[in-house]
Structure formats: structure tokens, C-alpha cells
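This briefing goes with the structure shown below. It covers the overall fold, the metal site and one position in the interior.

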Amino acid sequence: MILLEKITMDEFKKYLKKTKTIVFPFGTIEEHGSHLPLFTDSLIIQESLYIAAKKKKFFLAPIIHYGVCTTTKEHPGTISIRPETLRLLSADLVIESYKKGLRNFLLISGHGGSLHMSALKETAESLINHLENVKIAVFSPYDILYKELSAIVETPNDSHAGELETSMVLYLTPELVKGRAAAEYPQIPKPFIVKDKIKYWRGGVWGDPSKATIKKGERAIKLIADTIISVIDEIEKTSF
Ligand SMILES: [Zn+2]
């Protein structure tokens, strides 16, 4: 496992001969109902990446714990950043690691929020035109595995802090799951952008946490880890 923060500069040079691939993980500090920790998105993607990194050699950068949150922004505990902050930060990380010889970049997010993902994608769209010989992938498991992950859970339209995320946190760190919040779906009136989001989404849960199990969480985490490995295999062997 090549953890960027733990290797020396000599080891960096040595590993660079073996791989030009780096993964930057992105998470959030965001409410996840009354029962899950604020770093749920970070935890899920980080642990999936550790599993992947044990089987496959790539540089794994430290996670960025802060992301762009919208509907959860007003809830206690959420510390959001602006999309432009994320665009600048992610661009700097790719540009600086490009200068150090890396060529395949994966920006993998444990948070699937639309403004958050679009900020990362905007960075990638701009950099693909400015840097020579780079390949970039930007995704969250909820983009590319929507069907497969939905098939693991019973709750229809399950999402934030619901059956799936609760199952995964139960599998990874059961001691951090504090009971179960009630089933809930956000009631924000469409197509409006409302200021008082808590009024329409009291509990901050989207789905039914009571259906969560360790087994479902294990299946989901393993699926995410395997999928990350296949995306890395593909980025390394394909010229786009
Ligand atoms: Zn989440």
C-alpha cells in the first residue's frame, strides 16, 4: 500500500517507476442523521480505498475531509466549503502532482452531492485541456454503481444516511453507529431553493436506516473496492 503521507522522497521516486497513478479521495464533514458520524462519507471512501490499495499499487493521497454540502448545510455539525474552494484545491493537487511525474489522476468522492461532484468535474474538464498526456477520472460510488448498490438494499430511493450508508458504517466501525434515526425523506418543495433546509428535512435522513445490516455493508464496501481497482486498471491500460 503506497500511502503518500507515509513514504519518503526516495520511496516516492522508486514507486514512480512502477506507477504513475494517484488517487485523491474526497469526503465531507456533514450531518448523517442522528445516528452516523459526521465523517461518514470520508470513512466509506477511505476504507474502500485501503482495501483496493492492498491489492493494487497506486499512490493513495490523504483524504480531503471537507466538501460542498447543500441540503445538509444548515444542520448541526456540517462544515461545508464553497464549490470554488474545491475547484481551486483539487486543481492545485492535480497540477502539483503532475509536476512530480504523475499522469493518471482519480478524484474519488465519498460524497455524491451534485454541486460537489460538478466542482470536481469542472476541474478535470479544465485540466484535461491544459496538461499533456494526462488521464483523469472523477466519480463517486453512487454515480457509477447506482444500480448495483441499490440492489443491495431494500429501501426504495435510499440515499443520505439511509439503509446503505448505515450498513457500510455498521460494517466498518459499528461503535460509531448510535442507534438508528427514523426513516425519512426530504420534503424540500421542488423546484425551489429554500434557505431554511432543516424545516423541510428535520432528521437529515433520506431512506430507512432501520433496514441496515453489517452483511449489506460488507457487500457494498467490497463492491466499491473492486470497482475502484477496475477503474484504475482501465485508466492505466486505455488511451482515451
Ligand atoms: Zn453520505
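In what order do the elements of the protein run from the N terminus on? The order is β-α-β-α-β-α-β-α-β-α-α-α-α-α, made up of nine helices and five strands. The model is predicted. A zinc ion has protein donors in His32, Asp41 and Glu165.

**Overall dimensions and packing**

- The protein has 240 residues and a radius of gyration of 18 Å, which agrees with the value near 18 Å that a compact globule would have.
- Along the principal axes, the C-alpha atoms fill a box of roughly 50 × 35 × 30 Å.
- Of the 240 residues, 50% are buried.
- Among contacts with a separation of 6 or more, 76% are between residues 24 or more positions apart.

**Surface and charge**

- The exposed area of the protein is about 12000 Å², and 56% of this area comes from carbon and sulfur atoms.
- The protein carries 32 positive and 29 negative charges, and the mean positions of the two sets are 4 Å apart.

**Zinc site**

- The donor atoms are NE2 of His32, OD of Asp41 and OE of Glu165, at 1.8 to 2.1 Å from the zinc ion.
- The spacing of the donor residues in sequence is H-x8-D-x123-E.
- Aspartate 41 belongs to helix H2 and glutamate 165 to helix H7 (residues 163–172), so these two donors tie together parts that are 124 residues apart in sequence.
- Aspartate 41 has a relative accessibility of 2% and therefore counts as buried.
- Glutamate 165 is also buried, because its relative accessible area is 5%, and the cut-off for buried is under 20%.
- For comparison with the site, ideal angles at a metal are 109.5 degrees for four tetrahedral donors, and 90 or 180 degrees for six octahedral ones.

**Serine 48**

- Is serine 48 buried or exposed? Serine 48 counts as buried because its relative accessibility is 0%.
- Serine 48 sits in helix H2, which covers residues 40–55; aspartate 41, one of the zinc donors, lies in helix H2 as well.
- Apart from neighbours within four places in sequence, the contacts of serine 48 are Ile221, Ile224, Ala225 and Ile228.

Technical notes
Residues numbered from 1 in each chain as written. Predicted model: local features only at pLDDT ≥ 70, side-chain atom pairs only at ≥ 80, totals over all residues. Heavy atoms only, no water. Helix = DSSP H or I, 4+ residues; strand = E, 2+ residues; numbered from the N terminus. Buried < 20%, exposed > 50% of the residue type's maximum accessible area, 1.4 Å probe, protein only. Contact = heavy atoms within 4.5 Å. Rg over C-alpha atoms; globule rule 2.2 N^0.38 Å. Areas by Shrake-Rupley, 256 points an atom, 1.4 Å probe, with all protein chains shown as cover. Lys, Arg positive; Asp, Glu negative; His and termini not counted. Charge placed at Lys NZ, Arg CZ, Asp CG, Glu CD. Donors = N, O, S within 2.8 Å, 3.2 Å for Na, K, Ca; no water.
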